[in-house]
Amino acid sequence: MDYKRIDAALGAASDTHHLLIGTGVLNDVGNVLEEAFGQQPAVVVADDNTYAVAGKAVDDRLRSAGWTIEEPLVFPGTPPLYASFENVLALEEKLRTTSAVPIVVGSGTLNDITKLAAYRAGRQYMCVSTAASVDGYTAFGAAITRDGFKQTMSCPAPRAVVADLDILATAPASMNSSGYGDLLGKVTAGADWILADALEIELIEKHAWSLVQDSLRDWTGRPQAVHAGDRQTIENLFEGLIMSGIAMQISSSSRPASGSEHRFSHLWEMQALAHGHEPVPHGFKVAVGTLAAAALYERVLARDLTKLDGDALCRAWPSREEVRHSVQQGHSIPKLAENAVEESLAKYITPDQLRQRLMRIQERWPIIRKRLERQLMTVEHIRDLLRAAGCPTEPAEIGVSVAQLRESYTLARTIRSRYTVLDLVNECGILDACVDELFAPGGYWAAIAHP
Ligand SMILES: [Zn+2]
C-alpha cells in the first residue's frame, strides 16, 4: 500500500480525511472516531450479517471505552438489502431521533444508504468496511434507486474510513471478486474519458486520472489471489477501490471511475429490478459490462474513422423529437424510459454540432486511436483476468439474455448524459455494424449467440 500517495490523495479530498487500513485496526476504531468527530455520541448502522461480522465488535469496543453509543440500527440480513430510496428514508427517520454520528459497518449497499441518509439528516458519518467489494466507500455521491431509476445522488463521502484486513480477507470470496470487477472496469472507464477529453467534451483532470489509472495494472495483476483471499492482494485491491472513490470526490463526479461498462451495469440492474429478478453484485454486472464495452472498442479500433461521410451522417441525424420518440420506444419500463429521455436529450447535439464533432473525430482519430490502444486491454485478456478472479464473464451468469445484451448496446447509451464509446459509435453511424460483427460468427459474442 502506497501510504504517501494515499495521504496526498486525502489532502486533496473534500470529505474523507481519516483513513485507517491494516490488520487488526478494528481495535483502533475509537481513536479514529475521536480524531474525526471528537467526543460526539455515535450509533452503529449495520444489517444482521455485518453486525455479526464486525458491527457488534465496534459497538462493544466503543461502549466499553466509555463512549455514548445509541442502540444500533440493524437492517434485516435477508433478503439482501437493496440501495433503495425507501431504505434511505427509513434510516434518515431513525437518525433524526438522535444527534449521533452514524458508523456504518458494511459494504456498498449499506454505505450508500447511510451516506445519503446521514447527509439528509444533516451530519457526516464514518464507515467501517467489511469487504473489498466496491469503489463507493470513499466516493462522492450515493448510487440509489428511486422509483425504479438508479442514479448517483449527490452527498459527501464519509469523513473517516476504517478497513481491517482480517475482516476484508475473510469476506465471502464473491464480494472481493465483485470489487475486482468494479476495479477492472476502470480500463474502459478510462478509455471513455480519453474519448471525452480528446473531443473536448469533458477534459481529463490529471490528479483524479492518475489516482485511478497509474497503478491499475498492479492492483488487478493477480486475480487468482483475490479469489483465494490472499491478504496482500486484497489490500492492493482495496487500495485501488479507495483511490477510485477519492478520485470521484476530487472531481465531484463519478467520471474517473465510471464509463460505458457502468451504463451496461446500471441498465441491467434497473431491468432486473423492474422484473423482480434476484439482485446480482454490482461488480459482477460491471465485469460483463466491461467485456461488452471492450469488445465494442475492438470493433471501433478496427475501423478508420478518418474516413466518415459527414454529409450523409448529418442528413440522417435524428431531430430532438425523433430522439425522444425512439428512446421512449426503446425502453419497455415506463419510469426508465422517462428518465432515459431526459438524459438523452441533455446530450443531444444538432446536425450542425454533429458536423463539428465528426470533423474533430476525423482530424484527431490517429492520436485518439493511439491513446485508446495504450489504455485498453484485449477483450480476451480482460475475460481471462475476470475468470481468474471469480467474476462472471457471460451475460447468462448475471441473468442477462443474448437478445437483452444485444439490445443493451443501443439502450445503455440512453440512460446517462455522459459521453462514452456508445455515443461515438452512434455519431459515426457504426453502431449497428459493430454490434452485428460482435454477434456474427467469429465475433466476440458469437459463442453465446450461436451455441
Ligand atoms: Zn462501480
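Trainee: In this model, helices (H or I, at least four residues) and strands (E, at least two) are DSSP runs, numbered from the N terminus. When do two strands pair?

Mentor: Two strands pair if DSSP finds at least two bridges between them. Please note that this is a predicted model: local features need pLDDT of at least 70 and side-chain atom pairs pLDDT 80 or more, while totals for chains, interfaces and linings use all residues. Residues are numbered from 1 along each chain as its sequence is written, and side-chain values use heavy atoms, with hydrogens and water left out.

Trainee: Which order do the strands of the open sheet have?

Mentor: The open sheet has six strands in the order β1-β8-β5-β4-β2-β3, and the pairing is parallel. Its edge strands are β1 (18-22) and β3 (73-75), each of which pairs on one side only. From one strand to the next, the twist averages 15°.

Trainee: How many bridges are there between β2 and β4?

Mentor: Strand β2, residues 42-47, pairs with strand β4, residues 101-106, in the parallel sense over four bridges. For A42, the bridge partner in β4 is V101.

Trainee: And which helix packs on the sheet?

Mentor: Helix α2, residues 29-37, packs there and touches β1, β2, β4, β5 (126-129) and β8 (160-164). Contact here means heavy atoms within 4.5 Å. The direction of α2 makes about 155° with that of β5. Such angles run from 0 to 180 degrees between N-to-C directions, and axes are lines fitted to C-alpha atoms, for helices over the stretch in contact.

Trainee: What about β6 and β7: do they run parallel or antiparallel?

Mentor: They run antiparallel, with five bridges joining β6 (residues 142-146) to β7 (residues 149-153). A142 has M153 as its bridge partner in β7. The two strands form a hairpin with two residues between them, and D147 takes a positive phi near 50°.

Trainee: Where does D147 sit?

Mentor: D147 lies in the loop between β6 and β7. Its phi is a positive value in a residue other than glycine. Most residues other than glycine have a negative phi, and most peptide bonds are trans.

Trainee: Which peptide bond is cis, then?

Mentor: The bond joining T78 and P79 is cis, with omega at about -10°. P79 is placed in the loop between β3 and α4 (85-95). As for phi, S252 also has a positive value, near 50°, and is not glycine. S252 belongs to the loop between α12 (231-251) and α13.

Trainee: A change of topic: which residues coordinate the zinc ion?

Mentor: D182 (OD), H262 (NE2) and H282 (NE2) coordinate the zinc ion, at 2.1 to 2.2 Å. Donors are N, O and S atoms within 2.8 Å of the metal (3.2 Å for Na, K and Ca), and sites may look incomplete, because water is not among the atoms.

Trainee: How are the donor residues spaced in sequence?

Mentor: The spacing of the zinc donors is D-x79-H-x19-H. D182 in helix α7 (residues 173-184) and H262 in helix α13 (residues 260-274) are 80 residues apart, a pair that links distant parts of the chain.

Trainee: At what angle do α8 and α13 cross?

Mentor: The axes of α8 (residues 186-198) and α13 cross at roughly 120° and come within 7 Å. The two helices are therefore oblique to each other. Angles under 35 degrees count as roughly parallel, over 145 as roughly antiparallel, 65 to 115 as roughly perpendicular and the rest as oblique. In this contact, K186, T188, A189 and D192 of α8 meet S260, E261 and H262 of α13. H262 is thus found at this contact and among the residues coordinating zinc.

Trainee: And how does α8 pack with α9?

Mentor: α8 and α9 (residues 206-213) pack at about 155°, their axes being 11 Å apart. They are therefore roughly antiparallel. On the α8 side, K186, G190, W193 and I194 meet A208, W209, V212 and Q213 of α9. K186 also appears in the contact of α8 with α13.

Trainee: One last pair: how do the axes of α20 and α22 cross?

Mentor: The axes of α20 (residues 402-411) and α22 (residues 431-439) cross at roughly 155° and come within 10 Å. That makes α20 roughly antiparallel to α22. V402, L405, R406, Y409 and T410 in α20 meet L431, V435, D436, L438 and F439 in α22.
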